[in-house]
Amino acid sequence: MARLEVVPGEAMGGYADRSDGVQNVLDPLEVHVVTFADEGHRFALVVADLICVNVDVVDRIRTAMRDICVQSCWVAATHTHASPEAGCSPGGEATPRHVADRLEAASLVAARSAMASERAARVGSARTLVPKLAGHRNIADPGPLDIPVDTIVVTAGSDVVGLVVVSPVHPTILPADNNHVSADLNGGIRRALSTPDRWVVAATGAAGNISTRHTRQGRGLDEVNRLGAWLADRVEPVSSRVGRGTPTPVRPPVSRTVTLAPKQPAELDAAVRQTPQPGVGNERIRWVLQQGLRIAEEQAARRRTEPYVIDVEAVDLDGVTIVAVPGELFLELGETIRSAAPDQVGDIMVLGYANGYLGYLPTRDTQPCYETYASPVTSGSGEIVVEAAVKAAVEAARDREHSRRISA
């Protein structure tokens, strides 16, 4: 782990109606690196407390990692809305140079620390359904929802030495008028689960339409810690499925290139006509919808015609398959990836905000809302990404089986 330093006064990301820059630090931003290695290949997962990571800084970090014997690397953002602005706009943009420099430096420090402490271990997985944590954020009166939290469990012998917790929840407990940097919910999860003998990395999954808007009881650090502990109390006792037999070799991730059509003005016009207006008492939802409309109008004015091109990746880690999506996937789509993959793929975990940032990925039947307004791509893009993710996961699992036969 390494600290991600901030500069007082620099712009903060995450909220369109935020005007003030960084004033202070509520809790430190961190960059975590987990390495998975054998004699032939080392893969690193970098998770940073930032609103997003764009492809320019991902490429920089991957290049730097190769210089320290990390052959493949993913970079993911926790998507905390209490971090410096990192180019988080629909379609992605250039990362501010000073932010990219600090992120690259912190990633290398954390990677070297992880490599220095590498030891023989096995990887397992666990899933916990957590009630009263979060829900569909832009539904005025959402029903109860049990949030599926996935955990990669790293064991050495009989001891659990590390956890990678993937929570499909927007880390937006802290409000738009907050100008103190914080890891938000992910920091609360780390603090609640960490022990002197166990490290914890908290990443964000398919959280595009999920937040604590209807479940939180406050908007400060106390509530961050309360919800982090609430999740931790339910994840802690869960046993994991650990790979049996000979550990499979570490293989490079599999990548699938996806081409997505940009949203056109006619689609926006149709969405505006179909959008139901929030009722009395739902002022925040109404305000967010207006923000989304402004973003959509700005995009429509650009009249983009060239498609967006992204890479969806998958890696198999000792029988646990992780899929990385460079955008904001809805929870239901993340669950579709898990259910659509054949049985031989094994456990699948979906990591969002990873290796780039495109924005929201709407489905064909998503009702008009902030997410569909702010998305730079046409409806149905979510299903296209899901199809590519399933294919990548299948290919990664096939590589695992091939490696197992070779190493048997």
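The following dialogue concerns a predicted model and the reasons for several of its structural labels.

Trainee: What makes E4 and E5 paired strands?

Mentor: Pairing requires at least two bridges between the strands. Six bridges join E4, residues 42-48, to E5, so the requirement of at least two is met. These two strands run parallel. One of the bridges links Val 47 to its partner in E5, Ala 76.

Trainee: Why are E1 and E5 said to stand at the edges?

Mentor: The open sheet has four strands in the order E1-E3-E4-E5, with mixed pairing. Strand E1 (2-3) and strand E5 (72-77) each have a single partner strand, so one side of each is left without a neighbour in the sheet.

Trainee: Which helix lies across E1, E3 and E4?

Mentor: Helix H2, residues 97-116, lies across these strands and runs at about 45° to E3, residues 30-37.

Trainee: Why is H3 called oblique to H4?

Mentor: The axes of H3 (residues 185-193) and H4 (residues 221-235) cross at roughly 55° and come within 7 Å. Roughly parallel requires an angle under 35 degrees, and roughly perpendicular requires 65 to 115. The crossing of roughly 55° fits neither class, and H3 is therefore oblique to H4. The crossing is right-handed.

Trainee: Which residues make the contact between H3 and H4, and how do they divide by class?

Mentor: Among them are Leu 185, Ile 189 and Arg 191 of H3, and Val 224, Asn 225 and Leu 231 of H4. By class, the contact has 11 nonpolar, three polar and one charged residues. Gly 188 of H3 and Gly 228 of H4 also take part, and Gly counts as polar.

Key
Residues are numbered from 1 along each chain as its sequence is written. This is a predicted model: local features need pLDDT of at least 70, side-chain atom pairs count only at pLDDT 80 or more; totals for chains, interfaces and linings use all residues. Side-chain values use heavy atoms; hydrogens and water are left out. Contact means heavy atoms within 4.5 Å. Axes are lines fitted to C-alpha atoms, for helices over the stretch in contact, and angles run from 0 to 180 degrees between N-to-C directions. Angles under 35 degrees count as roughly parallel, over 145 as roughly antiparallel, 65 to 115 as roughly perpendicular and the rest as oblique. A crossing is left-handed if the near helix is turned anticlockwise from the far one by less than a right angle, and right-handed if clockwise.
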